[in-house]
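Got the model open in your viewer? Let's walk through it one selection at a time, starting with a pocket.

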Amino acid sequence: MNTPKLGDVTAITITSTDLDKSFEYWKKLGFEEVLRSDFPFPWIQITDGALLIMLRKDNAPYLALTYYIKDEKIISLLEGEGISFIAKPKDSDMIRKYLMESPDGLKISLVTIVDGFKQPPGPTMLTMQQKDYFDPSKYANKACGMYGELAHPVQELDASVLFWEKLGFKVLSKFSSPYPWAIVSDGLAIVGLHQTTNFSYPAITYFAADMKGKITKLKEQGLENYIEKGPGNIVLTTPEDQHINLFKMGF
């Protein structure tokens with residue numbers, strides 16, 4: 001597995017208008033609080049043991065693949081490879097954030113690391129043994145299953161792959177059916193590049209052999225705002241107006 005180029009800790013950053021409401025929702029999906037602070041803005045960091053999510057107080061809906069970096073040498077390295085940033089920090093910023101976009105609009109942020117931030121140790125689909133994919137007892141998240149990918153719709157798969165390779169990602173698998181798509185990873189984050197018009201948003205994706213039962217349990221707990229996608233498959237819309245795929249593993 002390759003060494004991540006962008007940083008040692010990665011999270012998905014999601015903005016929320018109401019952090020406590022958001023946290024209550026994510027707790028039902030198997031997440032717990034790691035850290036929280038009001039500096040430099042209110043935020044709560046949560047995890048399900050495998051995936052890290054940063055909930056940040058802001059009124060504008062936003063999702064980014066975030067890396068926490070120890071120094072800023074990577075910035076000039078990326079710019080030297082033709083990567084441009086759409087936002088950079090001001091000299092006065094204590095927490096320094098650099099923002100770029102993939103060719104298809106997925107935001108990727110590099111943020112100077114805060115003490116105490118660490119990568120959760122639990123297995124994702126990337127690090128689990130394939131024989132354990134169908135063993136729900138091995139999933140870090142008992143409510144949703146195995147974290148699989150941040151699914152990202154793209155216009156042209158090969159062009160998208162070239163961009164992600166500049167960020168240190170490698171193609172793990174590539175398919176032509178039911179449309180061109182690939183899974184890329186830097187050994188830490190997992191991104192699914194999907195050349196399709198079936199969806200138009202980034203989606204946090206979980207897989208489970210017993211997903212049908214997990215969905216039934218979530219519904220019994222009052223789950224709302226979801227679309228059925230066939231037996232054992234639903235797409236959730238979170239209170240932050242982001243999307244989560246809960247898909248059954250296998251056929």
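Start with the lining of the largest pocket and colour it by residue type: you should get 20 nonpolar, 9 polar and 3 charged residues. This is a predicted model, so keep that in mind as you go. Now select Glu149, Trp181, His194, Phe207 and Phe247, which lie nearest the centre among the 32 lining residues. The space in this pocket comes to about 1,100 Å³.

Which strands supply at least two residues each to this lining? Select β8, β9, β10, β11, β12 and β15 to see them.

Next, show the whole sheet as a cartoon. It is an open one with 8 strands, and you can trace them in the order β9-β10-β11-β8-β12-β15-β14-β13, with mixed pairing. The edges are β9 (170-175) and β13 (226-228), each of which pairs on one side only. Look along the sheet and you can follow the turn from strand to strand: on average, neighbours are at 25 degrees to each other, ignoring direction.

Zoom in on one pair. Residues 146-153 make up β8 and residues 190-194 make up β11; the two run parallel and are joined over 4 bridges. Pick alanine 151 and you'll find glycine 192 of β11 opposite.

Now bring in the helices. Select residues 157-166, helix α3, which lies across β8, β9, β10 (181-185) and β11 and runs at about 160 degrees to β11. Then select residues 211-220 for helix α4, which also packs on the sheet. Its contacts are with β12 (203-208), β13, β14 (234-237) and β15 (243-248), and its direction makes about 135 degrees with that of β15.

Time for another pocket. The second largest has a volume of about 510 Å³. Select Pro40, Phe41, Ile95, Lys97 and Val111 to land at the residues closest to its centre, out of 22 in the lining. Add β4 (52-57), β5 (63-69) and β7 (107-112), the elements that give two or more residues to this lining. Colour the lining by type again and you get 14 nonpolar, 3 polar and 5 charged residues.

One last stop: where do glutamate 24 and lysine 27 lie? Both are in helix α1 (residues 19-28), 3 residues apart, or about one turn of the helix. Show their side chains and you'll see them meet in a salt bridge, with 3.0 Å from N to O. The structure holds 16 salt bridges, so there are others to look for once you've found this one.

Conventions. Residues numbered from 1 in each chain as written. Predicted model: local features only at pLDDT ≥ 70, side-chain atom pairs only at ≥ 80, totals over all residues. Heavy atoms only, no water. Pairing = 2+ DSSP bridges. Axes fitted to C-alpha atoms, helices over the stretch in contact; angles between N-to-C directions. Contact = heavy atoms within 4.5 Å. 1 Å grid on protein atoms, 1.4 Å probe; cavity = no way out; pocket = protein on both sides within 12 Å on 5 of 7 lines; lining within 4 Å. Points joined across faces, edges and corners; volume = space filled by probe spheres on them. Nonpolar A, V, L, I, M, F, W, Y, C, P; charged D, E, K, R; others polar. Salt bridge = Lys/Arg side-chain N within 4 Å of Asp/Glu carboxyl O.
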